[in-house]
Amino acid sequence: RIFQNCVRATETHFWHEEAEFMGTDFPRAEHHARQHVHLKTILACVQRSLDRSGRDVAFADQLAFLRDWLMDHIVNEDKPLGDYLIAVWAFEASRTS
């Protein structure tokens, strides 16, 4: 149940994030969205594994992989996206003031 809630929160976060950058000229938009699809696929596999066998020995390895994936994604994908969106919003704000 906790894992399912995490999956739902991740999907909601990705939806909001993609809604923000898809309307811009963010140069890595397609790559970033593919990263989201990749993680959602991995999460679905982990969920199937948990559904089949309950918490198994591989669960710790799966969590470690997810932690590493998220840390890499935040540093190498989300940070540049955030910087880009801040610049876009600042530019738009300067045009309206």
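This section describes the helices, salt bridges and surface features of a predicted model.

Helix α2 spans residues 29-53. This helix has 25 residues and reaches 37 Å from its first C-alpha to its last, a value close to the 36 Å expected at 1.5 Å a residue. Its buried residues are A29, H32, A33, Q35, H36, L39, I42, L43, V46, Q47, S49 and L50. Many of these positions can be read against the geometry of the helix. An α-helix has 3.6 residues a turn, so residues three or four places apart point the same way.

One buried position of α2 was examined further. Q47 has a relative accessible area of 15% and is classed as buried because this value is under the 20% cut-off. When residues up to four places away in sequence are not counted, Q47 touches F3 and Q4. Both of these partners fall within the range of helix α1, which covers residues 2-22.

A search of the whole structure finds 3 salt bridges. One of them is formed by the side chains of E77 and R28, with a distance of 2.9 Å from N to O. This pair links distant parts of the chain: E77 belongs to helix α3, whereas R28 lies in the loop between α1 and α2, and the two residues are 49 residues apart. The two partners also differ in their accessibility class. E77 is buried, with a relative accessible area of 7%, while R28 is partly exposed at 36%.

Another salt bridge involves K79 and D83, whose closest N and O atoms are 2.9 Å apart. The side chains of K79 and D83 are likewise joined by a polar contact of 2.9 Å. Both residues lie in helix α3, and because they are 4 residues apart, they are separated by about one helical turn. K79 is partly exposed, with a relative accessible area of 49%, and D83 also counts as partly exposed, at 40% relative accessibility. The value for K79 does not pass the cut-off of over 50%, and therefore K79 is not classed as exposed.

The side chains of R67 and D68 form a further salt bridge, with an N to O distance of 3.1 Å. In this pair, D68 is partly exposed, with a relative accessible area of 44%.

Helix α3, which comprises residues 58-96, also contributes to a nonpolar region of the surface. L70, M71, I74 and V75 make a nonpolar surface patch of about 360 Å². V75 is placed in helix α3 and has a relative accessible area of 53%, so V75 falls in the exposed class, which requires over 50%. The spacing within the patch may be considered in the light of the helical repeat: residues three or four places apart point the same way, because an α-helix has 3.6 residues a turn.

A further position in helix α3 is A93. A93 counts as partly exposed, at 40% relative accessibility. The C-alpha atoms of A93 and N76 are separated by 27 Å, the two residues being 17 residues apart along the chain.

Taken together, these results relate positions in the chain to their surroundings. In α2, Q47 is buried and touches F3 and Q4. In α3, E77 is buried and pairs with R28 in a salt bridge, whereas V75 is exposed and forms part of the nonpolar surface patch.

Definitions and conventions: Residues are numbered from 1 along each chain as its sequence is written. This is a predicted model: local features need pLDDT of at least 70, side-chain atom pairs count only at pLDDT 80 or more; totals for chains, interfaces and linings use all residues. Side-chain values use heavy atoms; hydrogens and water are left out. Patches are made of residues with over 30% relative accessible area and no salt bridge: like charges are joined within 9 Å, nonpolar side chains (Val, Leu, Ile, Met, Phe, Trp, Tyr) within 5 Å. Accessible areas come from the Shrake-Rupley method with a 1.4 Å probe; for residues, only the protein chains shown count as cover. A salt bridge is a side-chain nitrogen of Lys or Arg within 4 Å of a carboxyl oxygen of Asp or Glu. Buried means under 20% relative accessible area, exposed over 50%, partly exposed in between (1.4 Å probe, protein chains only). Contact means heavy atoms within 4.5 Å. The expected span of a helix is 1.5 Å times one less than its number of residues. A polar contact is a pair of N or O atoms within 3.5 Å; within protein, one must be able to donate a hydrogen and the other to accept it, and residues adjacent in sequence count only if both atoms are side-chain atoms.
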